[in-house]
Amino acid sequence: MTSTEAAAIALQDQAALWSLGEIRASDVVDAACDALVAGLDTPGLRILAACTRAEADYDVPELLPEALNELGLAFHPVTSDAGREHAARALARRMLAGELTPRELTSRIHQRYGHELPLTERLAELDDEYDVLEYGNGTVDEVDAEVRAEARRLAAHPHPGRRLGSRRG
C-alpha cells in the first residue's frame, strides 16, 4: 500500500470515527494535514487541513464531505449500514494499532451495535464471552487472541467507496 493510500484510509477512518463521536473534529483536521504531507492534494483537502482547532468543530461538518468527495472517498452517514460497517472496521484498526484493548473494542462494538450488525456479530459474542470467563474454562488471553483475529478480518475487509484513481488535484 502506498503512503497516499494509507493516508486516504486514515482520513476516511477518522471521518467515520468522528461521525461516531469517537474522536474530535480536530483529529480529522490532523488526518487531513497528514494526507497532504503524504501527497494527496485537492482544494477541499487544503481548506480542511487549514482549519484551526478552534474552527474544527464548526467547519469539519461542512468541509469534510467535499474534501472526501474530491479524493474519491465516500462519507457514509453513521446511521447507514455502510457507515456503521466502516466505523466498526475503523475501530478494529484502532485496536490493531494499540489504541484500544481487545476488551475495549468488543465493548464498544457491542454497546453500539449489539448483535444486530452481521459484520460485527462475532465481536459482540466475544464481548459476552469476557463477561462469563469466571464461569468457564477459557482465559482472557484466549478471548483476546480471538478478538485480534476478528479485528484483522474486519480491517482486511474491503474499504467502502475507495476510488483513489478518480481524485482531482
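**A cavity and a helix contact**

In this predicted model, the largest cavity has a lining made up of Q12, A15, A16, S19, A74, F75, H76, G83 and H86. Two elements each put two or more residues into that lining, namely α1 (3-20) and α5 (81-96). Of the contributors, α1 gives the most, with four residues. The space inside comes to about 60 Å³. When the whole structure is searched, one cavity of 30 Å³ or more turns up.

What kinds of residues line the largest cavity, nonpolar, polar or charged? The split is four nonpolar and five polar, with no charged residues. A15 and F75 are among the nonpolar ones, while Q12 and H86 are among the polar ones.

Helix α1 also packs against another helix. A pair of packed helices can be described by the angle between the axes and the distance between them. For α1 and helix α4 (residues 53-70), the axes come within 11 Å and cross at roughly 145°. The crossing of α1 past α4 is left-handed. On the α1 side, L11, A15 and W18 make the contact, and on the α4 side V60, P61, L64 and L68 do so. By class, this contact has seven nonpolar residues, with no polar and no charged ones.

One residue links the two parts of this picture: A15 of α1 sits in the lining of the largest cavity and also takes part in the contact with α4. The cavity lining includes five polar residues, whereas the contact of α1 with α4 has none.

How values were computed
Residues numbered from 1 in each chain as written. Predicted model: local features only at pLDDT ≥ 70, side-chain atom pairs only at ≥ 80, totals over all residues. Heavy atoms only, no water. 1 Å grid on protein atoms, 1.4 Å probe; cavity = no way out; pocket = protein on both sides within 12 Å on 5 of 7 lines; lining within 4 Å. Points joined across faces, edges and corners; volume = space filled by probe spheres on them. Axes fitted to C-alpha atoms, helices over the stretch in contact; angles between N-to-C directions. Left-handed = near helix turned anticlockwise from the far one by under 90°. Contact = heavy atoms within 4.5 Å.
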